[in-house]
Amino acid sequence: MTGLKIDEVAKQSGLTKRTIRYYEQIGLLSSPPRSEGGFRLYSQDHVNFLKKITNAKEVMGFSLAELQEFIKLSDMLELQRHDYRQVKGTELQKEKLEKVLHTVEEQLKLLEQKKKTILKVEGDLVSLRDRAKAALIRFEGEK
């Protein structure tokens, strides 16, 4: 049986072995097959998935719960797109397309919620900065 050991996966994905095991434990990452000696044997698909998770976590600022929901929706979307391609040109096409649309809208809703949170934090920081600048100007004027 061939595959990548966890050290190699950690190196390629930029994650720690502990994080990889944790993602597997909570069901975010599918469990890889094991060697006869009991070692996990990951595939390049596992590495690519971990990179995707890291990107979503870092770039979009997702918590693990949000990340799980986003990944669940991504997986669902892939299946729906596959189903849609299988029925192209049939009566089922519209029904499959409506499911795709609903899933995409759910993903967009997640992103919109995250954007609102980020914009609120930004607004709070801008307000604090402006108040600090005004206080400094007053402080300098009192000298």
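Asp124 counts as partly exposed, because its relative accessibility is 42% and the partly exposed class runs between the limits of 20% and 50%. This value, like the others here, is computed from a predicted model. The partner of Asp124 in a salt bridge is Lys120, and the closest N and O atoms of the pair are 3.0 Å apart. Lys120 counts as exposed, because its relative accessibility of 53% is over the 50% limit. Both residues belong to helix α5, where four residues, about one turn of the helix, separate Lys120 from Asp124.

**The helix that holds the pair**

Helix α5 takes in residues 92-141, which makes 50 residues. At 1.5 Å a residue, such a helix should span 74 Å; the C-alpha atoms at the two ends of α5 are 73 Å apart, so the expected and the modelled spans agree.

Some residues of α5 are buried: Lys96, Val100, Thr103, Gln107, Leu110 and Lys114. The cover over the buried residues of α5 includes two other helices, α3 (44-60) and α4 (64-86).

**Salt bridges**

In total, the structure holds ten salt bridges. Besides the bridge from Lys120 to Asp124, one of them joins the side chains of Glu112 and Lys115. Glu112 and Lys115 also lie in helix α5, three residues apart, about one turn of the helix. Glu112 has a relative accessible area of 35% and is therefore partly exposed. Lys115 is partly exposed as well, at 47% relative accessibility.

Another salt bridge links Arg129 with Asp130 through their side chains. Arg129 is partly exposed, with a relative accessible area of 44%, and Asp130 is partly exposed at 39% relative accessibility.

The table lists these bridges with their N to O distances.

| Salt bridge | N to O distance |
|---|---|
| Glu112 and Lys115 | 3.4 Å |
| Lys120 and Asp124 | 3.0 Å |
| Arg129 and Asp130 | 3.2 Å |

**A nonpolar surface patch**

Which residues form a nonpolar patch on the surface? They are Val121, Leu125 and Leu128, and together they have about 280 Å² of accessible area. Leu125 is found in helix α5, the helix that also holds Lys120 and Asp124. Is Leu125 buried or exposed? Leu125 is exposed, because its relative accessible area is 54%, and exposed means over 50%.

Helix α5 thus has buried residues, including Val100 and Leu110, and an exposed leucine, Leu125.

Notes: Residues are numbered from 1 along each chain as its sequence is written. This is a predicted model: local features need pLDDT of at least 70, side-chain atom pairs count only at pLDDT 80 or more; totals for chains, interfaces and linings use all residues. Side-chain values use heavy atoms; hydrogens and water are left out. The expected span of a helix is 1.5 Å times one less than its number of residues. Buried means under 20% relative accessible area, exposed over 50%, partly exposed in between (1.4 Å probe, protein chains only). Contact means heavy atoms within 4.5 Å. Patches are made of residues with over 30% relative accessible area and no salt bridge: like charges are joined within 9 Å, nonpolar side chains (Val, Leu, Ile, Met, Phe, Trp, Tyr) within 5 Å. Accessible areas come from the Shrake-Rupley method with a 1.4 Å probe; for residues, only the protein chains shown count as cover. A salt bridge is a side-chain nitrogen of Lys or Arg within 4 Å of a carboxyl oxygen of Asp or Glu.
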